[in-house]
Amino acid sequence: MNTAQDTEQLEYFMRAALALSRESVRNGGGPFGAVIVRHGAIIAAASNSVTYTNDPTAHAEINAIRQACRKLKTFELSGCSLFTSCEPCPMCLGAIYWARLEVIYYGNSKDDAARIGFDDAFIYQQLTIQHPKRSIPMINLLPQEAAQAFLDWEQMEDKTEY
């Protein structure tokens, strides 16, 4: 987008996400908001609801992705853009890639978030450590039995790929 009108529209969507982040703070949630846009219209708008839903995955981006997928009746959001008040955390970034969103616009950086107590550096560091040495060890158990579901999937002819 390169016209003043395009910039205005981008800023409009970002301001919607930012308003959700401030509303979330007023309602006792984390300072995060997100909107998903398709064809120039907001199709999902959500804020962080971790503390009042007791769900550690209820980040604004995840909530918006869930809402958009329900609305569009699909598990992928190609053709959609995400506007989020803050650079996504590792969990949200993974979900964004799985959902196939096309672009991420963000307000605050991960460094800004770290300054107010939302620091994801530890998670990024953990990803580089060998499984048994992580702060939450990962232990491979029953891999041969686990492989059966993968074999079943490979052999299924009418599966829905994602």
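These numbered points describe the sheet, the helix across it, the nonpolar cores and two buried residues of a predicted model.

1. The sheet. Four strands make up an open sheet, ordered β2-β1-β3-β4, with mixed pairing. β2 and β4 (103–108) are the edge strands, each pairing on one side only. On average, neighbouring strands of this sheet are turned by 15 degrees against each other, direction ignored.

2. The β3 and β4 pair. These two strands, β3 and β4, run in the parallel sense and are joined over five bridges. In this part of the sheet, S81 stands opposite V103 in β4.

3. The helix across the sheet. Helix α1 covers residues 4–26 and lies across β1, β2, β3 and β4. Relative to β1, helix α1 runs at about 150 degrees.

4. The largest nonpolar core. This core has 19 residues, and I36, I65, L77 and L101 are those with the most contacts inside it. Two or more residues each come from β1 (33–38), β2 (41–47), α3 (60–72), β3 (80–86) and α4 (90–99). Helix α3 gives the largest share, five residues.

5. L101 in that core. Residues up to four places away in sequence are not counted here. L101 touches I36, I65 and L77, which are also listed with L101 as having the most contacts inside the core. The other residues that L101 touches are C80, S81, L82 and I96.

6. The second core. A separate core of eight residues is also present, and F13, M14, A17 and V37 are among them.

7. V37. This residue is in strand β1 and belongs to the second core. V37 counts as buried because its relative accessible area is 6%, and the cut-off for buried is under 20%. Beyond four places in sequence, V37 touches F13, I42, G79, C80, S81 and F83; of these, F13 is also named in the second core. V37 and K73 are 36 residues apart in sequence, and their C-alpha atoms are 15 Å apart in space.

8. S49. This residue is found in the loop between β2 and α2 (50–53). Is S49 buried or exposed? S49 is buried, because its relative accessible area is 9%, against a limit of under 20%. Leaving aside neighbours within four places in sequence, S49 is in contact with N54, A58 and N63.

Definitions and conventions: Residues are numbered from 1 along each chain as its sequence is written. This is a predicted model: local features need pLDDT of at least 70, side-chain atom pairs count only at pLDDT 80 or more; totals for chains, interfaces and linings use all residues. Side-chain values use heavy atoms; hydrogens and water are left out. A nonpolar core is a set of buried Ala, Val, Leu, Ile, Met, Phe, Trp, Tyr and Cys residues joined through side-chain atoms within 4.5 Å. Buried means under 20% relative accessible area, exposed over 50%, partly exposed in between (1.4 Å probe, protein chains only). Contact means heavy atoms within 4.5 Å. Two strands pair if DSSP finds at least two bridges between them. Axes are lines fitted to C-alpha atoms, for helices over the stretch in contact, and angles run from 0 to 180 degrees between N-to-C directions.
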